[in-house]
Amino acid sequence: MILAVLFANAEGNILIERFHGVPAEERLHWRSFLVKLGADNLKGVKNEELLVACHKSVYIVYTILGDVSIYVVGKDEYDELALSEVIFTITSAVKDVCGKPPTERRFLDKYGRICLCLDEIVWKGYLENTEKERIKRLIRLKPPTEF
C-alpha cells in the first residue's frame, strides 16, 4: 500500500499531502520525519534524481523537481522499485501540468490540476494509472474513450 504522497517547498512547508491507511496521530510524525529527511539529503541533488530510504518496514522514495520536493512512502508490495515507478509517474504528470520543472509559485498556480493528477495516479493507497495520455484525459473530467 502507498501510505503517503507529500509535496513540500524548499523551506519544508507541506504543499500537498495524501495519506492512506495512516492514523491521524501518526501523520505529524511522518510529516516532520520526511521534511527532515529531505532537508538532510536533498541539497545538491539534481532534478528527478531518486533517493531511497527505509524506516522500519516502510520504504521511502523521494526527489526534487524544480523548487518542490516529492516524497512517496509505501509498504508491503510497494517497495523501492514500485515506488520509483509511482514517483516517476507523479513527476511526469507535474511537469506536464506545469510545462517544466515547477517553481513554488507555478506549482501553487496549478494546484488544482496537480491534485486531480495525483488522485488519478494514486487511489486509496494503490497505483491506479501510469499512462500519461490516460491521465490527461481523466483530468479533463471527461469519460475515458477506451479501457
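## Charge, fold and the setting of E48

The chain carries 21 positive and 22 negative charges, and their mean positions lie 6 Å apart. The model is predicted.

The surface comes next. About 8,100 Å² of the chain is exposed, and carbon and sulfur atoms supply 51% of that area. Buried residues account for 43% of the 147 residues.

Five helices and seven strands make up the secondary structure. Their order along the sequence is β-β-α-β-β-β-α-α-α-β-β-α. Among contacts with a separation of 6 or more, 50% join residues 24 or more positions apart.

The overall dimensions follow. A compact globule of 147 residues would have a radius of gyration near 15 Å; the chain has 14 Å, so the value agrees with that expectation. Along the principal axes, the C-alpha atoms fill a box of roughly 45 × 30 × 25 Å.

| Quantity for the chain | Value |
|---|---|
| Radius of gyration | 14 Å |
| C-alpha box | roughly 45 × 30 × 25 Å |
| Exposed area | about 8,100 Å² |
| Separation of mean charge positions | 6 Å |

One residue serves as a local example. E48 sits in the loop between α1 (24-41) and β3 (51-55). Is E48 buried, partly exposed or exposed? Its relative accessible area is 29%, so E48 is partly exposed, because that category lies between the 20% and 50% cut-offs.

Beyond neighbours within four places in sequence, E48 is in contact with T63, I64, L65, T91 and K95. E48 and N9 are 39 residues apart along the chain, and their C-alpha atoms are separated by 15 Å.

Terms used
Residues numbered from 1 in each chain as written. Predicted model: local features only at pLDDT ≥ 70, side-chain atom pairs only at ≥ 80, totals over all residues. Heavy atoms only, no water. Helix = DSSP H or I, 4+ residues; strand = E, 2+ residues; numbered from the N terminus. Rg over C-alpha atoms; globule rule 2.2 N^0.38 Å. Buried < 20%, exposed > 50% of the residue type's maximum accessible area, 1.4 Å probe, protein only. Contact = heavy atoms within 4.5 Å. Areas by Shrake-Rupley, 256 points an atom, 1.4 Å probe, with all protein chains shown as cover. Lys, Arg positive; Asp, Glu negative; His and termini not counted. Charge placed at Lys NZ, Arg CZ, Asp CG, Glu CD.
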